[in-house]
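This report looks at surface patches, at residue exposure and at a few contacts in one protein chain. The sequence and the structure come next, and the discussion follows them.

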Amino acid sequence: AWQGFVQVYLMVFFSDIMDELMLEDSENTMLMLRWFCILGVMAFFSGWMMFTCCNISMESQKQKIRLAYLTAVVHQDVSWFDQHEPGTLPERINSNIEKIAMGMGDKAGNLVMDIAMMITGFAFGFYYWWKMGLIILGVVPFMSLGAAVMGQAMADLQLENQQWYGKAGSCCEEVMRALRTVVSCRAETLECDRYDALVRKARRG
């Protein structure tokens, strides 16, 4: 939250420094520049602490989630494995855990920082020029709607890519398990083409 507040306040403070430079008040300008540098150093260390702590927490949670995910899969009954391809499970587990970890890492810190920036920005906006603040406040819902539509489209695309990559991983694992049979039938080229076709579909989305 402090990081978001400082990001907005630095811009306001910089505009005040520019005003002082135009007034040619050198003593007051130097004092403001010192405070600007102090705030910049504080913002740097707070950002570094946010990034480090969030990533340490992410790595710890990722290991616990991976163990819980694997335990849940192992305790499923036989009918569950009939409905899900066993060859796609490693790819699915790694992909899902990485997505969860990305959301729990620095993105969680960025979310808090962005919310603090939004609140601080509106506060300074209404304080300095309330009419422009009202205009921005009216535009925010449309921006949020566009971001939601884009996010849903990206989620659908990632889900489709994950399914195709899972099929490609299952194909590779199937070939590796029956490698002698594939070599004896001279089907190496056929299996490579099948794998390449699945990977191309995944890349095209």
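In which helix is T120 found? T120 is found in helix α5, and in this predicted model T120 has a relative accessible area of 10%, so T120 counts as buried. When residues up to four places away in sequence are left out, T120 touches F5 and V8.

A further buried position is G105, which lies in the loop between α4 (89-104) and α5 (106-128). The relative accessibility of G105 is 0%, and because buried means under 20%, G105 falls in the buried class. With residues up to four places away in sequence not counted, G105 touches C54 and M58. A72, for its part, is 33 residues from G105 in sequence, and the C-alpha atoms of the two are 24 Å apart in space.

On the exposed side, V149 is found in helix α6, which covers residues 130-177. V149 has a relative accessible area of 53%, and it is therefore classed as exposed, given that exposed means over 50%. V149 and R34 are separated by 115 residues in sequence and by 44 Å in space, from C-alpha to C-alpha.

The relative accessible areas of these residues, together with that of R203, are set out below.

| Residue | Relative accessible area | Class |
|---|---|---|
| G105 | 0% | buried |
| T120 | 10% | buried |
| V149 | 53% | exposed |
| R203 | 66% | exposed |

R203 has its place in helix α8, and it belongs to a patch of positive charge on the surface, in which K167, R200, K201, R203 and R204 gather. Helix α8, which spans residues 188-204, gives the most to this positive patch, with four residues.

The surface also carries a nonpolar patch, formed by Y127, Y128, W129, M132, I135, I136, V139 and M143, whose accessible area together is about 900 Å². Which helix gives the most to the nonpolar patch? That helix is α6, with five residues, and one of the patch members, I135, has its place in helix α6. Both α5 and α6 supply at least two residues each to the nonpolar patch. Helix α5 thus appears in two settings here, as it holds the buried T120 and also supplies residues to the nonpolar patch on the surface.

Note on methods
Residues numbered from 1 in each chain as written. Predicted model: local features only at pLDDT ≥ 70, side-chain atom pairs only at ≥ 80, totals over all residues. Heavy atoms only, no water. Patch = residues over 30% accessible without salt bridge, like charges linked within 9 Å, V, L, I, M, F, W, Y side chains within 5 Å. Areas by Shrake-Rupley, 256 points an atom, 1.4 Å probe, with all protein chains shown as cover. Salt bridge = Lys/Arg side-chain N within 4 Å of Asp/Glu carboxyl O. Lys, Arg positive; Asp, Glu negative; His and termini not counted. Charge placed at Lys NZ, Arg CZ, Asp CG, Glu CD. Buried < 20%, exposed > 50% of the residue type's maximum accessible area, 1.4 Å probe, protein only. Contact = heavy atoms within 4.5 Å.
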